[in-house]
Amino acid sequence: MSDVSIKAGRKAPPEAGAPPQGGLSSTLILALGTFAVGTDAFVVAGFLPSMAEDLHVSAATAGQSVTVFAASYALLSPVLATVLARLPRRSLLVGALFVLGVANLLSALAPTMAVLIVSRVLAAAGAAAYTPNAGAVSASLVRPELRARALAVVIGGLTAATALGVPLGSAASHWLGWRAALATVAGLCLLVAVVLRLVMPHLPGNVRVPLRTRLAVLRRPAVLAVLPLTILGMGASYTAYAYSVPALEAVAIPEKTVLWMLFLYGLGAVVGNLGAGYGTDRWGSTRILTAGYLAMVLSLGVLAWLAWTETSAKPLVGLLVLLWGASSWCQTPPQQHRLITVAPQEAPLVVSLNASSIYLGIGLGTVIGGATLGAGAAAVYGLGAAIAAAALLFLLLTQRTSAPAHQG
């Protein structure tokens, strides 16, 4: 800074390439936004029966609102990334949260299942535009040595939603009704949009990359050997999770206690996610995924046996639900690690494709669970365990294709 500028009381301009100011506060608000997105995506499982009763449809039909959200997110994510690439980042993120908030208000007011489905497609569009860009923006707002932590904070909003957002949404539904729960999520989205507009610095848009170029990476055998595993793994978990209220009632968990079981699932999700990140660095992705799928087969398989025999064992169910949550969300760090290893030059793209695969798996699991629900909870749990076993087999058959020889 020159003597003249000091005397004039002016600040020196930022160094070229330096991140914008306000990175920490913006990152925390971005994480609150991903918390809202995660709560919106997963909260429906906690009040599915009351929603179905109010809309005069079966629980399986109401569950298709989860399927529609997940499938729309998966399909819209790469399309919106292409179409909206040139928008300034602040405008994009604020607009995405606004769309998500309005969509949740529409869901809360939906008089019919058809209106609810339309509102969930709109909500998926907002979520698909927000989440991938929130992670990318957080990395650009801080110094290079802090980028991994910034990403962890923002993505941590999603796992925190499974631990806190879903149980809180279920509690709001129990006390005030499912419409009030969705209206609360809408209010959170709109509040975060306002705060983000106030605290986040201006960031320009990105260069538009054609959709065909984005999807060209799918022609690589190594990438194709990884993404289907994400679909299988999340499908195994959501076969039962999307219908967790009736599924848990079948293992002698009363509806008023389901809230605490969902909290245990979310706690397991957070622990599994963090533990898998550490474990992947230490022992390799294949070992962590193998342990995760074995744990999922065990937890869902024992729950199927408890439902089949009509055995009441609440402490055991709580432990199994905790293990179920951990095995479900331990998949993301090692899967991302595998994708970045085989396609390092396209890391942001393959990670976003993995996110699409997560939601495709959620949609697939919800469809399968809904089709099986009439046969009883034991069949739902058992089918989830079978899909988890199929995921483990797929992993073992494709590990040489999907990872370099030195990977674990």
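1. Ser26 is a convenient place to start, because at a relative accessible area of 0% this residue falls under the 20% limit and is therefore buried. The coordinates discussed here belong to a predicted model, and the remarks below should be read with that in mind. Ser26 is part of helix α2, which covers residues 23-42. Its C-alpha lies 9.1 Å from the C-alpha of Val195, although 169 residues separate Ser26 and Val195 in the sequence.

2. On the overall make-up, the secondary structure of the protein consists of 18 helices and zero strands. The protein has 408 residues, of which 51% are buried. If one takes the contacts in the protein with a separation of 6 or more, 86% of them are between residues 24 or more positions apart.

3. Aromatic pairs deserve a closer reading, and the structure holds eight of them. One of these is formed by Phe69 and Tyr359, whose ring centres are 6.2 Å apart; their planes meet at 55 degrees, so the pair is classed as tilted, given that an edge-to-face pair would need an angle over 60 degrees. This pair links distant parts of the chain, since Phe69 sits in helix α4 (residues 59-83) and Tyr359 in helix α17 (residues 347-372), with the two positions 290 residues apart. Phe69 counts as buried because its relative accessibility is 2%, and Tyr359, with a relative accessible area of 7%, is buried too.

4. What is the arrangement of the rings of Tyr238 and Tyr241? Their centres are 5.0 Å apart and their planes stand at 65 degrees, so this pair is edge-to-face. Tyr238 and Tyr241 are separated by about one helical turn, because they are three residues apart in helix α11, which covers residues 227-241. Both of these tyrosines are buried. They also belong to one aromatic cluster, which Tyr238 and Tyr241 form together with Tyr265, Trp324 and Tyr381.

5. Turning to enclosed space, the count of cavities of 30 Å³ or more comes to three, and the largest cavity has a volume of about 40 Å³. Which residues line the largest cavity? The lining is made up of Ala41, Phe42, Val66, Phe69, Ala70, Tyr238, Tyr359 and Ile362. Phe69 and Tyr359, the tilted pair of point 3, are thus both found in this lining, as is Tyr238 from the edge-to-face pair of point 4.

6. Seen by element, the lining of the largest cavity draws at least two residues from each of α2, α4 and α17, with α4 giving the most, namely three residues. Helix α2 is also the helix that holds Ser26. In chemical character, the lining of the largest cavity divides into eight nonpolar residues, no polar residues and no charged residues.

7. The second largest pocket has a volume of about 250 Å³. Of the 16 residues that line this pocket, Gly46, Ser170, His174, Glu255 and Leu259 are the closest to its centre. The elements that give two or more residues to this lining are α3 (48-55), α7 (147-176) and α13 (255-283), and α13 gives the most, with six residues. The lining of the second largest pocket divides into nine nonpolar, five polar and two charged residues, whereas the lining of the largest cavity has no polar and no charged residues.

8. Ser72 is another serine to look at, and it lies in helix α4, the helix that also holds Phe69. Is Ser72 buried or exposed? Ser72 counts as buried, because its relative accessibility of 13% is under the 20% limit. Once its neighbours within four places in sequence are left aside, Ser72 is in contact with Val121 and Ala124.

9. A last point concerns the cysteines, for which the count of disulfides comes to zero; a pair would need sulfur atoms within 2.5 Å to qualify. Cys189, at 0% relative accessibility, counts as buried, and Cys330, at 8%, counts as buried as well.

Note on methods
Residues numbered from 1 in each chain as written. Predicted model: local features only at pLDDT ≥ 70, side-chain atom pairs only at ≥ 80, totals over all residues. Heavy atoms only, no water. Helix = DSSP H or I, 4+ residues; strand = E, 2+ residues; numbered from the N terminus. Buried < 20%, exposed > 50% of the residue type's maximum accessible area, 1.4 Å probe, protein only. Phe/Tyr/Trp six-rings, centres within 6.5 Å; stacked < 30°, edge-to-face > 60°. 1 Å grid on protein atoms, 1.4 Å probe; cavity = no way out; pocket = protein on both sides within 12 Å on 5 of 7 lines; lining within 4 Å. Points joined across faces, edges and corners; volume = space filled by probe spheres on them. Nonpolar A, V, L, I, M, F, W, Y, C, P; charged D, E, K, R; others polar. Contact = heavy atoms within 4.5 Å.
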